Every structure is written in structure tokens, then in C-alpha cells.
Amino acid sequence: MDSAAVARFEAGRSRLASLAYRLLGSAADAEDAVQDTFLRWQAADRALIEVPQAWLTKVCTHICLDRLRSAQARHERAAGAWLPEPLLEGDPLLDPADTVAQRESVSLAVLTLMEHLSPTERAAYVLREAFSYPHAEIAQILDITESASQQHLHRARTRLAASRPRRGGGGEADPAVARRVVREFLAAAVSGRTEQLVALLTEDATALSDGAGLARRLLRHTTRERIASFVRAGFRPTPAKRRLAGGWPVLHLAPVNGCPAVVAVIDEHVVGTVVFEVADGRVTSLHGIAATDRLTRLNAAWQHHHPGTPALHTW
């Protein structure tokens, strides 16, 4: 392959990876999909490709759809043991992030809820909401009619709206306010103030956790009282937890997937994170992830991150 063809692919690599991450919810899988796209670009008769970016987008999208439809992926995700991979603010896979829709498309809450969409609905939603493709181009990418593209997007939006917690204000939470709410939530959790935890949760709040990376199925809680009890137990220090983690973690606040998160760190190594969604001054959802294989990229990014003063020095 000539250098011009390689350069043309590399110019769009970041965008393809961002698309693949939204479709697959995994940085490692996204990078694999982009590499497979490169191999197909390498093998293609490029003289016949009129618009390289459109061709690459279509190929990458279909590689991701094939992965989502594979028997192995269906088994893993249907078993309820899957959560999206969290990414630290500044990760290029989170781009573009200029609009509310683009930022929401990489939130852990939306990535988790997109598991309930069909692969085609998911692709139509991502291509439209995150990358602003018109329906005519989405139809060409997905090999469907323009009308079908509109229907898939409508179903995706409807299903996601029905599953997401209601927001009184309707807009994005102010980052400073969201950070303050998470600080208050963390303080209540470590001090055992269950009533304060309940007060900081919305009526329809949800919590998902991989059980410190040990549970075979996700732990899901859907009432404020259960969530408060679960969080309080999770932040209660015990000798067993210390042995499991390899020490007492320092807790930092940092943006993860566009939302405030508590990041647990031992010797500069991330051992877990809890990512919050906040609306109207209260927490609408929590996602707790501690499985080592889901923290690989976040861990690598953390080595170059300057978190500042910890939210909690000792657990």
C-alpha cells in the first residue's frame, strides 16, 4: 500500500474509532474493528472507491454490526454480565463532544441502555445523534431505505427515552453542580448517613455494578433504599476488601464518559470507578466497574492524569 493511501486512512482513524466505541461500548473491540477496517482498505481496489471516508465508515459500521450480531456477543451481553468500558475525560474515543446528543451518546447510562436496541437501531442512533449523518447517508451505510433509517432512529429514541430516568429540568446538569452532588453523595456514603444518600437519589434512580469485578451477573438496584444500602455497604471498609484490593484506595473525583465519577486508586493504579449521572441536583444513575479488563484503558490514561487533591485520602 502506498503512503498516500495509508495517510488517508490514518486521517480518519480517530473518527472511525469513536464510531466503533459507541457501537461496541469497548475500547479494545473498537480498536480491533478499526484495524479490520484498515485490512479491508489495504485489500480493496481503491481506484474504484469514489469517496474514501464514506467507504471506510460503511465498512467499519458493518464490522461492528457483525460483532454485535455474533453468537458470542449475544451470549455475553444477554447474560447480563456486561457493562461498557469507562474512559477518562480527554480520551479521543469520546469525540465528538460538541453537542448534548454527542456527549450523551458516550455516557455509560446510554451505552448500557443501547444494549436493548437492535444492532441496526443502535447504528442508526449513533450515526444520526453522534455524527449528524442525514438519513439518506445512513440508509446507504446500513443498506436500508431512507424510510427504514427514519423508523430505526425513531424506535431507538423512543426506547431510550422510555428507559432513561425522567429529568425535571430537561437539560444537562451543570458540571460544577454535578460534582458537588457527587461529593455530598460520597461523604454520606463513607459516613453511613443512609437518609442523606436516599435524599440525593431521584425516585427512579438505578444502580448497576459488576460486584467489584467478581459477580457473574450484574448487580442491579432500582429503589432508593436499596441503592443507598448497596452503596453504604460498598464503601464500608473491611479487612477482606483491603486484601482483595491490595490496600486501602485513595478516592478521587474525575470526569469519566462525560459524567462525574469516583475513581479508586491504589499506588497510582485504578482499582475501580463509580460513574454518576446527575439531574436537577440529584443522582439518577450509578455504574460501578471494577473488573480489571474493563479498566485497562482508563488505567493507562490515569498514569498521565493530574487528579489534584483526593476527595478522600483514606477509605
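In this predicted model, six strands come together as an open sheet. Reading across the sheet, the order is β2-β1-β6-β5-β4-β3, and the pairing is mixed. The two edges belong to β2 (219–221) and β3 (250–256), and each has a single partner strand, so one side of each is left without a neighbour in the sheet. The strands don't line up perfectly, either: ignoring direction, neighbours in this sheet are turned by 15° against each other on average.

The sheet also has a helix for company. Helix α12 (residues 224–234) lies across β1 (201–209), β2 and β6 (282–289). Relative to β1, helix α12 runs at about 45°.

Now for β5, a strand that turns up again and again in this part of the model. On one side, β5 (residues 269–279) pairs with β4 (residues 259–266) in the antiparallel sense, over six bridges. Two of the matched positions are easy to pick out: A264 has G272 in β5 as its bridge partner, and V265 stands opposite V270 in β5. β4 and β5 make a hairpin with two residues between the strands, and D267 in this hairpin takes a positive phi near 50°.

On the other side, the partner of β5 is β6, again in the antiparallel sense, this time over seven bridges. Here A279 stands opposite R282 in β6. β5 and β6 form a hairpin too, with two residues between them. The turn of this hairpin holds D280, which has a positive phi of about 55°.

How tucked away is β5? Nine of its eleven residues are buried, which in this case means under 20% relative accessible area. β5 is therefore largely enclosed by the rest of the structure.

Finally, there is a bit of empty space inside the model. The count comes to one cavity of 30 Å³ or more, and the largest cavity holds about 30 Å³ of space. Its lining is made up of S107, L108, A109, C259, V275, F276, E277, S285 and H287. Sorted by class, that gives five nonpolar, three polar and one charged residues. α6 (108–113), β5 and β6 each supply at least two residues of this lining. β5 shows up once more here, giving the most to the lining of the largest cavity, with three residues.

Technical notes: Residues numbered from 1 in each chain as written. Predicted model: local features only at pLDDT ≥ 70, side-chain atom pairs only at ≥ 80, totals over all residues. Heavy atoms only, no water. Pairing = 2+ DSSP bridges. Helix = DSSP H or I, 4+ residues; strand = E, 2+ residues; numbered from the N terminus. Axes fitted to C-alpha atoms, helices over the stretch in contact; angles between N-to-C directions. Contact = heavy atoms within 4.5 Å. 1 Å grid on protein atoms, 1.4 Å probe; cavity = no way out; pocket = protein on both sides within 12 Å on 5 of 7 lines; lining within 4 Å. Points joined across faces, edges and corners; volume = space filled by probe spheres on them. Nonpolar A, V, L, I, M, F, W, Y, C, P; charged D, E, K, R; others polar. Buried < 20%, exposed > 50% of the residue type's maximum accessible area, 1.4 Å probe, protein only.
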